[in-house]
2 protein chains.
Amino acid sequence: MGREFIQTIFARRSIRKYTDRPVSKEDIRTLLEAAMAAPSASNRKPWRFIVVTERRTLDALAEAHPYGKMLYEAPLCISVCGDLTEMEQFWVQDCSAATENLLLAATALGLGAVWLGVYPNQERVAAVRAILGLPETVTPLNLISIGYPAEEKEPRTQYDESRVHWEHW
Amino acid sequence: MGREFIQTIFARRSIRKYTDRPVSKEDIRTLLEAAMAAPSASNRKPWRFIVVTERRTLDALAEAHPYGKMLYEAPLCISVCGDLTEMEQFWVQDCSAATENLLLAATALGLGAVWLGVYPNQERVAAVRAILGLPETVTPLNLISIGYPAEEKEPRTQYDESRVHWEHW
């Protein structure tokens, strides 16, 4: 524990270029453990994870998502989905917190990743649902494209004083 | 960067009991820097942060939120809000990622915190908006209650194999 972890938060950047090195099963497991350590409303854990490493499916997702072309090169995609039978009101928030944990764990493991939004865009939801075979009760929130980085970005915050209000708006 | 930082993700637990030690301005600034390092759709950064340390306002929020009684003791509350004029489609996801960063940074600084859901519960949204003086275009996603922990919880994942699907549902 310690302040140094905050450097990992600053180091997490959207990485869209990858080497062809695959991600190990052990590291995929760590990413999922981190995601499932997120808080969830009433501890309902509405998250589901589809782990995709097959080239044919990665290509289909790349084709389906308007900003997903990096999936043609990525060795791994994880789709974070919500099971709406478990939690309707807070599922987007719970799954987003799990996603952020996953992105930070990727950074800590030396991986690079980028969050591609799916829900609430209904066209993207339908396309991803068809490719991954999701039931109607399960909604894909996003596609997370993951691999070993072939581009470098500087750590940063985007701290902006004008977005902070003290005591009252 | 390194794997050991993943321990901070496991160490983040919902902490509802606090000592009376206040949180320094420097640490509040670090929490906000971490929050604003989150990814956001098209980099729109729709987040706004209301930082509350005044006892009268903390008490009003404690009174208004059905699960917010710990705010009667907490020295600090940060409300993460979305400015819907900046981004309507993805604001909940962006603000949730920022909130998770804030919670992890709190853990790294030795603080304890808990996420109290506000949006999309319209009664809670109206109550928090009135107390904090938020304009109609700004929606409170949550209240984050923060302080030095007066309870201990073990690090954990809630990893569950049944929530993982390989290649396809």
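How many bridges join β1(A) to β2(A), and do they run parallel or antiparallel? In this predicted model, β1(A) and β2(A) run antiparallel and are joined by 6 bridges; the views below begin with β2(A) and then turn to the nonpolar core, the contact between the chains and selected backbone features.

**View 1. Strand β2 of chain A and its strand partners.** Within the pairing of β1(A) with β2(A), which is antiparallel, R48(A) has C81(A) as its bridge partner. Strand β5 of chain A, residues 142-147, is joined to β2(A) by 3 bridges, again in the antiparallel sense, and here L76(A) is partnered by I146(A). Strand β4 of chain A, residues 138-140, also pairs with β2(A) over 3 bridges and in the antiparallel sense, with T139(A) standing opposite G82(A).

**View 2. The two faces of β2(A).** In a regular strand, side chains alternate between the two faces of the sheet. In β2(A), L76(A), I78(A), V80(A) and G82(A) point one way, while C77(A), S79(A), C81(A) and D83(A) point the other way, and all are buried. Because 8 of the 8 residues of this strand, residues 76-83 of chain A, are buried, β2(A) is largely enclosed by the rest of the structure.

**View 3. The largest nonpolar core, seen around C77(A).** The largest nonpolar core has 120 residues, and those with the most contacts inside it are C77(A), I78(A), C77(B) and I78(B). Leaving aside residues up to four places away in sequence, C77(A) touches V52(A), L58(A), L61(A) and L71(A), as well as L143(A), I144(A), S145(A) and I146(A).

**View 4. The side of chain B that touches chain A.** Contacts link 62 residues of chain B with 63 residues of chain A. On the side of chain B that touches chain A, at least two residues each come from α1, α2, β1, α4, β3 and β6 of chain B, and the largest share, 10 residues, is supplied by α4(B). Sorted by class, this side of chain B has 34 nonpolar, 17 polar and 11 charged residues.

**View 5. Strand pairing across the chains, and the relation of the copies.** Strand β1 of chain A, residues 47-52, pairs with β6(B) in the parallel sense over 3 bridges, and V51(A) stands opposite W166(B) of β6(B). A turn of 180° with a shift of 0.0 Å along the axis lays chain B on chain A with an RMSD of 0.1 Å, which is the relation of a two-fold axis. Since 98% of the interface residues of chain B are also interface residues in chain A, the copies meet through the same surface.

**View 6. The loop between α2 and β1.** In chain A, this loop holds S42(A), whose phi is near 55°, a positive value in a residue other than glycine. S42(A) counts as exposed because it has 12 C-beta neighbours inside 10 Å. N43(A) has its place in the loop between α2 and β1 of chain A and is exposed, with 10 other C-beta atoms within 10 Å. In chain B, S42(B) is found in the loop between α2 and β1, has a positive phi of about 55° although it is not a glycine, and counts as exposed, with 12 C-beta neighbours inside 10 Å.

**View 7. The cis peptide bonds before P120(A) and P120(B).** Y119(A) and P120(A) are joined by a cis peptide bond with omega about 5°, and P120(A) has its place in the loop between β3 and α5 of chain A. In chain B, the peptide bond from Y119(B) to P120(B) is cis, with omega near 5°, and P120(B) is found in the loop between β3 and α5 of that chain.

Conventions
Residues numbered from 1 in each chain as written. Chains lettered and ligands numbered in written order. Predicted model: local features only at pLDDT ≥ 70, side-chain atom pairs only at ≥ 80, totals over all residues. Core = buried A, V, L, I, M, F, W, Y, C linked by C-beta atoms within 7 Å. Buried ≥ 20, exposed ≤ 12 C-beta atoms within 10 Å, placed from the backbone. Contact = placed C-beta atoms within 7 Å. Helix = DSSP H or I, 4+ residues; strand = E, 2+ residues; numbered from the N terminus. Nonpolar A, V, L, I, M, F, W, Y, C, P; charged D, E, K, R; others polar. Pairing = 2+ DSSP bridges. Least-squares fit on C-alpha atoms with pLDDT ≥ 70 in both.
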